[in-house]
Amino acid sequence: MSVETTAVAKKSIFTPFNIISGIILVAGLVVTAMRFTGGLGAVTNLDQNNPWGIWIGFDLLCGVALAAGGYTTSAACYLFGLKKYHAGVRPAILTAFLGYALVVFALGYDVGRPWRLPYPIFVQQGTTSLLFEVGLCVMLYLTVLFIEFTPAAFEWLGMKKIRNIVVKMTLALTILGVVLSTLHQSSLGALFTIAPSKLHPLWYSQYLPVFFFVSSIAAGLSMVIFEGTLSHKPMHHLMDEEYLNNHDGLILGFGKAASLVLFGYFSIKVIGLAYDNNWHYLTTGYGAWFLVEMLGFVALPSFLYAIGARDKNLTIIRWAAGLTVLGIIVNRFNISLVAFNYQLPSAERYFPSWGEITISLFVVTIGVLAFRFISTRMPIFYEHPDYKGEH
């Protein structure tokens with residue numbers, strides 16, 4: 001590994017990745033200055049009809065769903081006893097921790113007075129509010145993810161005693177993480193049940209909490225495969241023998257599970273459609289887009305996952321994972337942006353400004369850079385030599 005590290009150290013810092021990342025970071029800092037000196041109106045297209053934009057639709061709704069790989073992987077390993085997936089736990093936990101941390105970070109841009117973000121938790125609790133429940137769960141789950149991540153940091157720092165104490169809490173933390181995730185993943189869907197007149201009937205349903213929770217499981221499983229695929233080549237030199245030996249089995253197992261979850265999600269969506277008797281909307285323009293989402297981003301990846309698992313074809317499974325990740329983004333965008341306020345004239349509809357898009361790219365770039373920084377220094381893809389077989 002020392003040879004590889006030396007080789008990496010000799011590389012120029014002016015790589016295409018670093019240059020593009022640097023440009024996005026500079027642009028993000030400029031827009032950040034504009035946001036916090038000129039207010040929301042200086043950089044967003046938000047208004048009274050559209051108080052929530054891409055910072056909620058993408059940074060929060062998509063970010064929380066795609067960070068679900070943390071609880072799905074740790075539950076598979078520690079609650080269901082599928083130890084063959086153990087090598088994937090730390091990358092999944094790190095991805096989830098960074099995802100939730102950046103959700104909170106991005107929320108600071110969206111709220112009018114970000115310094116009051118802790119108020120609903122510590123000063124004025126609105127215990128009957130769904131937003132309060134979401135905020136409380138996200139805060140607690142972010143804390144759980146941070147504690148679950150710390151063994152890797154403690155091993156890196158050589159703090160063996162405190163690392164061993166945290167490792168003994170693994171099962172309790174996993175159970176707590178699953179409970180909190182179930183609550184807030186479904187509550188994010190429940191937020192939209194209070195606006196039945198604003199959300200198009202094809203996407204509105206009293207089952208939205210169930211839809212959000214089930215789809216988050218598919219998103220989490222797919223994100224673990226997607227993130228593992230992206231990391232495999234550039235970080236191959238950091239992966240030990242156990243990780244590499246179990247990598248293909250993890251993809252096959254998660255692919256099979258994702259196929260079943262997506263099939264279940266497709267089924268309950270059809271049940272919801274039938275329960276509300278919304279079949280006639282399928283012949284409209286929104287109906288065509290709804291069918292694209294359901295057939296192209298739910299049924300198709302479910303079918304591809306099944307084919308890939310049956311034929312043990314990792315390439316098909318990886319494509320299915322990418323399609324599912326894209327599908328989750330499409331679904332959350334449809335609910336929070338496309339099908340929301342559908343009755344308004346086109347001139348009053350929301351479209352994100354360049355400043356909002358820049359901040360979203362800024363947040364994603366920070367997440368990628370943080371993941372790369374941590375995983376190239378701490379035992380994320382490999383076991384620390386002092387703790388072989390102790391996880």
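Is Phe-333 buried, exposed or partly exposed? In this predicted model, Phe-333 has a relative accessible area of 23% and therefore counts as partly exposed, since the buried class ends under 20%. The residue belongs to helix 13, which covers residues 314–338. When its neighbours within four places in sequence are set aside, Phe-333 is in contact with Ile-54, Gly-57, Phe-58, Cys-62 and Val-338. Thr-128, by comparison, is separated from Phe-333 by 205 residues in sequence and by 27 Å in space, taken from C-alpha to C-alpha.

Two of those contacts of Phe-333, Ile-54 and Cys-62, lead on to other parts of the description. Cys-62 is buried, with a relative accessible area of 1%, and its sulfur lies 20 Å from the closest cysteine sulfur, that of Cys-137, which is too far for a bond. A disulfide is a covalent bond between the sulfur atoms of two cysteines. The structure as a whole holds 0 disulfides, and Cys-77, at 0% relative accessibility, is a further cysteine that counts as buried.

The nonpolar interior can be followed next. The largest nonpolar core has 77 residues, and the members that touch the most other members are Tyr-100, Phe-149, Leu-188, Phe-192, Leu-199, Tyr-305 and Ile-380. A second core, separate from that one, has 12 residues, and includes Ile-54 together with Trp-55, Tyr-109 and Phe-362. Returning to the largest core, Tyr-305 is one of the residues with the most contacts to other members, and, apart from neighbours within four places in sequence, Tyr-305 is in contact with Ser-222, Ile-225, Gly-255, Ala-258, Ser-259, Leu-262, Ile-317, Ala-320, Ala-321 and Thr-324.

Nonpolar side chains also appear on the surface, where Leu-79, Phe-80, Leu-82, Leu-171, Ile-175, Val-179 and Leu-183 make a patch of about 620 Å². Helix 9, spanning residues 170–190, gives the most to this patch, with 4 residues. Leu-79, for its part, sits in helix 4, residues 69–79, and is partly exposed, with a relative accessible area of 36%; Leu-79 can therefore be admitted to the patch, because patch members must have over 30% relative accessible area.

The charged side chains form the last topic. Side chains of opposite charge can pair when their charged atoms come close. A search of the whole structure finds 3 salt bridges. In one of them, Arg-90 meets Glu-155 at 2.9 Å, N to O, and this pair links distant parts of the chain, with Arg-90 in helix 5 (residues 89–110) and Glu-155 in helix 7 (residues 130–157), 65 residues apart. Arg-90 has a relative accessible area of 19% and is thus buried, while Glu-155, at 2%, also counts as buried. Glu-155 meets Arg-163 in another salt bridge, again given as 2.9 Å, N to O, and Arg-163 is buried as well.

A further salt bridge joins the side chains of Asp-311 and Arg-310, at 2.9 Å, N to O. Here Asp-311 is partly exposed, at 41% relative accessibility, and Arg-310 is exposed, at 63%. Arg-90, Glu-155 and Arg-163, on the other hand, are joined into one network by salt bridges that share partners.

Key
Residues are numbered from 1 along each chain as its sequence is written. This is a predicted model: local features need pLDDT of at least 70, side-chain atom pairs count only at pLDDT 80 or more; totals for chains, interfaces and linings use all residues. Side-chain values use heavy atoms; hydrogens and water are left out. Patches are made of residues with over 30% relative accessible area and no salt bridge: like charges are joined within 9 Å, nonpolar side chains (Val, Leu, Ile, Met, Phe, Trp, Tyr) within 5 Å. Accessible areas come from the Shrake-Rupley method with a 1.4 Å probe; for residues, only the protein chains shown count as cover. A salt bridge is a side-chain nitrogen of Lys or Arg within 4 Å of a carboxyl oxygen of Asp or Glu. Helices (H or I, at least four residues) and strands (E, at least two) are DSSP runs, numbered from the N terminus. Buried means under 20% relative accessible area, exposed over 50%, partly exposed in between (1.4 Å probe, protein chains only). A nonpolar core is a set of buried Ala, Val, Leu, Ile, Met, Phe, Trp, Tyr and Cys residues joined through side-chain atoms within 4.5 Å. Contact means heavy atoms within 4.5 Å. A disulfide is a pair of cysteine sulfur atoms within 2.5 Å.
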